[in-house]
Amino acid sequence: MVTVLRALLGLAACLGAMLPGPVRALDRSQLAVIVNVRDPLSVQIGEYYAQQRRIIFQNFIKVSFAPNRAMLTREDFEQIEEQVERQARPEIQAYALTWAAPYRVECMSITAAFAFGFDEALCADGCKPTRRNPYFNSNSRLPFTQLRMRPTMSIAAQTFEDAKALIDRGVKSDGSPPKGTAYLVSTTDKSRNVRSALYPQVDRMLTQDVQTQRLTQDEVVDAGDVLFYFIGKDRVEGLETMGFLPGAIADHVTSFGGEMPESGQMSALRWLEAGATGSYGTVAEPCNLPQKFPNPAIVIGRYLRGETLIEAYWKSVLMPGQGIFIGEPLAAPFRRDNK
C-alpha cells in the first residue's frame, strides 16, 4: 500500500509541474451516444443529449436489449458490443451510455466493458490489483486511435427530469470557468480514508478561482461553492444542504457505490441527484486499494487544464475495471476553445 501511494503521489506531482499548459479537449464530433431502443427513458435521454450537445446522427448508436437489469452476462454484453461496433465510426474516441442499469457485466463495470471489451484481467478475485488503464494520466487526446480503447460514461438517472438537469448542468459549465472549492475530507472511517494521503498534492494545482478545504470530519454541510468533493465513507450525509456548481465532480470511496439506482451503501447516483455533474463508484468489491478509485490530484489537475469530465476522470483511475463513471461526459468548465 505504501509503495502504491508513493507512486500515485509521484504521478500527481508530475502533473502539478505541467499544469500551466492548456489542452485541446475531446469534442462532440468524437463522442457517440448509445441508446437502448427497448428502454424509453434511455431513448429520451439520448435524444435530449444529442440535441443539447449537437451530436450528429451518425454518432447516435442504437442497440436493443432487455432493460433495467443490474447485470449483463458476458454473452449478452458481447451481442450488444457487436451492435455498437457495427455502427461506430473510426473517428469515435469515447462513448456516452444513457441508462443507470445495467451497470455491470459479470465482474466488470459496464463503462469498463465498453471501454476495453470484456476482459477478466480487469476483474479481481479478492483483494488483488487488476490490469492497468493505459489511459491513466496520459496526454492522449485520441484514446481509440492511439490506445485502442474508448472511455465510457453513463448519463445515469432514474427520471428524465434528473437526466435533463444533469445534462443542462454540464452544458452550462462549459468554459465558465467557475470560482469554487475543492472539499477534501478525511474521515474517521480508516479503511475508506485511503485517499487522504493524496490530498496535499492538490494544493499545488489550484488557482485563484479554485480554493481547497482539507477537512477532518465525517461530512460537509451548507457549502454553496462545491466544485470538487472527495471523501471516504459508505454513506455521505448532508448532500441535500450542498450547493454544487455546474461541472462539479464528487465521489466517495466505498465498496458498492456503483450499484444503481440503489445500493446497500450509498449509490453514486445520489451525488448526481444532489447536483454534481460527475461521479464514480465500484460495482464489485475493490477492497480499499486506492488505485481502483479516482486520484483527486489527477482529476482536478486535468480538469483545470481544460479536459472534459470524461477525459479527466478516466485518466485519474489506474485500475478502473470494477468502477463505473457516471455524469455528463463533455462538461468542461475550464475549456479554452469554443467546441
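E240 sits out in the open in this predicted model: its relative accessibility comes to 69%, so the residue counts as exposed, the cut-off being over 50%. As for where that is along the chain, E240 belongs to the loop that links β10 (226-232) with β11 (244-253). E240 also has company of like charge, since a patch of negative charge on the surface brings together E219, D222, E237 and E240. Membership of such a patch takes over 30% relative accessible area and no salt bridge, and E240, at 69%, is past that area limit.

Q213 makes a handy contrast. This residue lies in a strand, β9, which covers residues 210-216. Its relative accessible area is 38%, which puts Q213 in the partly exposed class, between the 20% and 50% limits. Another residue, E120, is 93 positions away from Q213 in sequence, and the C-alpha atoms of the two are 39 Å apart in space.

Zooming out to the whole chain, the secondary structure adds up to nine helices and 13 strands. Of the 339 residues, 61% are buried, that is, under 20% relative accessible area. Measures of overall size fit in here too. Along the principal axes, the C-alpha atoms take up a box of roughly 45 × 45 × 40 Å. The radius of gyration is 18 Å, and a compact globule of 339 residues would come out near 20 Å, so the chain agrees with that expectation.

Key:
Residues numbered from 1 in each chain as written. Predicted model: local features only at pLDDT ≥ 70, side-chain atom pairs only at ≥ 80, totals over all residues. Heavy atoms only, no water. Patch = residues over 30% accessible without salt bridge, like charges linked within 9 Å, V, L, I, M, F, W, Y side chains within 5 Å. Areas by Shrake-Rupley, 256 points an atom, 1.4 Å probe, with all protein chains shown as cover. Salt bridge = Lys/Arg side-chain N within 4 Å of Asp/Glu carboxyl O. Lys, Arg positive; Asp, Glu negative; His and termini not counted. Charge placed at Lys NZ, Arg CZ, Asp CG, Glu CD. Helix = DSSP H or I, 4+ residues; strand = E, 2+ residues; numbered from the N terminus. Buried < 20%, exposed > 50% of the residue type's maximum accessible area, 1.4 Å probe, protein only. Rg over C-alpha atoms; globule rule 2.2 N^0.38 Å.
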